[in-house]
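User: I am new to this structure and would like to learn how each statement about it is justified. Could you take me through the terms as they come up?

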Amino acid sequence: MIALITGVTSGIGKASAEIFAKNKYDLIITGRRNDRLDKLADELKKKYGIKVLPLNFDVRKQKEVEKNLSLLTPGWRKIDVLLNNAGLASGFDTIQEGNIEDWEAMIDTNIKGLLYVTRQIAPMMIENGKGHILNVASLAGKQAYPKGNVYCATKFAVDALSQSMRIDMIEHGIRVTNIAPGLVETEFSVVRFHGDKDRAKQTYAGFQPLTPDDIADIIFWCASRPAHVNINDILITPTAQANAYIVNRKS
Ligand code: NDP
Ligand code: 8X3
């Protein structure tokens, strides 16, 4: 079995690479930080005795995505699982004060990057007669929250794409799952707040957030259901989070 996971240099993607590796999947892993990517590839190969192909590209760059994925060798084209995970929030402002560069980064990564990767891999799955695409959306793709604007819009788009892909893939027997986590402590908030670690920490203060392993575990569970079972959409929050607005913080 082969899984392609985008954005494995941190957080949910990294934890997902680990759980698929542990379950003896060979892996194609991607990300921009090449040092982290190569290190993870070496670790997973040694620890689990699997094959790992690290591909260093930016999902926003359509030509790079196409070059890297269209040149996969026949053995690597037999992809069973595509986990579209690479993504980010950039900035936290009202729409009237928003930074256009932040907006472009989120739209280009979370929507266009996901589409560029899927456009390459879906035909391979169709050729193979099987496959499973899992898209990491968000609770932010179910409810808009203050200053969430463009990030929320990109995740609503991922949710819509998961629904659309399921329609397009049905005749090919390819499963599509939408993964919608609430607050998970990763590098997500450090990226959102442009490197401000103290501010990022506040996001997860006073309650127990989800961990990347919690989400990876659920992703793997979705991917390991019997072939006739498709988990369409799964919304996961910490027990202390009721929805996008209400978090029970003790301090
Ligand atoms: P992290 O910041 O820890 O990880 C994000 C990953 O995405 C990194 O590996 C990063 O790699 C990769 N990435 C970002 N931009 C690009 C790009 N242009 N090209 C290639 N890879 C890219 O955050 P999370 O693990 O939390 O985020 C993973 C996904 O989960 C995202 O889609 C996020 O929106 C979603 N999510 C996160 C939640 C949370 O609370 N943390 C909740 C709900 C959803 P590199 O920088 O090396 O390229
Ligand atoms: C990430 C979770 O609530 O910070 O998608 O938007 S949240």
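Analyst: A polar contact is a pair of N or O atoms within 3.5 Å; within protein, one atom must be able to donate a hydrogen and the other to accept it, and residues adjacent in sequence count only if both atoms are side-chain atoms. The model is predicted, with local features needing pLDDT of at least 70 and side-chain atom pairs pLDDT 80 or more, while totals for chains, interfaces and linings use all residues. Residues are numbered from 1 along each chain as its sequence is written, chains are lettered from A and ligands numbered from 1 in the order in which they are written, and side-chain values use heavy atoms, without hydrogens or water.

User: What makes the approach of Y145 to ligand 2 a polar contact?

Analyst: An N or O atom in the side chain of Y145 is 2.5 Å from an oxygen atom of ligand 2, and this pair is therefore within the 3.5 Å limit. The side chain of S138 also has an N or O atom 2.5 Å from an oxygen atom of ligand 2, and for a polar side-chain atom of Y151 the distance to a ligand oxygen is 2.6 Å.

User: How do you know which residues surround ligand 2?

Analyst: A residue counts as near a molecule if one of its heavy atoms lies within 4 Å of it. By that test ligand 2 is surrounded by S138, A140, Y145, Y151, G182, L183, F188 and R192.

User: How many residues surround ligand 1, and what polar contacts does ligand 1 make with G7, N85 and K155?

Analyst: Ligand 1 is surrounded by 29 residues, the closest being T9, S10, R32, Y151 and T186. Oxygen atoms of ligand 1 lie 3.1 Å from a polar backbone atom of G7, 2.8 Å from a polar backbone atom of N85 and 2.9 Å from an N or O atom in the side chain of K155.

User: Why is one space called a pocket and another a cavity?

Analyst: On a 1 Å grid over the protein atoms alone, a cavity is a set of points where a 1.4 Å probe fits but cannot get out, whereas a pocket is an open set with protein on both sides within 12 Å along at least five of seven lines; lining residues have an atom within 4 Å of a point. The largest pocket holds about 1200 Å³ of space. Of the 49 residues lining it, L88, Y151, T186, F188 and S189 are the closest to its centre, and α6 gives the most to the lining, with four residues.

User: How many cavities are counted, and what lines the largest one?

Analyst: There are two cavities of 30 Å³ or more, and the largest contains about 80 Å³ of space. Its lining has 16 residues, with S90, G91, F92, M106 and N149 the closest to its centre. Both α4 and α5 (149-169) supply at least two residues of that lining.

The second largest cavity has about 40 Å³ of space, and its lining consists of T6, V59, N84, N85, A86, T109, G113, L114 and V117. Helix α4 provides the largest share of that lining, four residues.

User: How do you know that α4 spans close to its expected length?

Analyst: The expected span of a helix is 1.5 Å times one less than its number of residues. Helix α4 (residues 100-128) has 29 residues and reaches 41 Å from its first C-alpha to its last, so the span is close to the 42 Å expected.

User: What makes α4 a kinked helix?

Analyst: The bend at a residue is the angle between axes fitted to the seven residues ending there and the seven starting there. In α4 there is a kink of about 35 degrees, centred on K112.

User: What is found at the start and after the end of α4?

Analyst: At the start of α4, a side-chain oxygen of N99 comes within 2.8 Å of the backbone nitrogen of E101. After α4 comes G129, whose phi is positive, near 75 degrees.

Conventions. Points joined across faces, edges and corners; volume = space filled by probe spheres on them.
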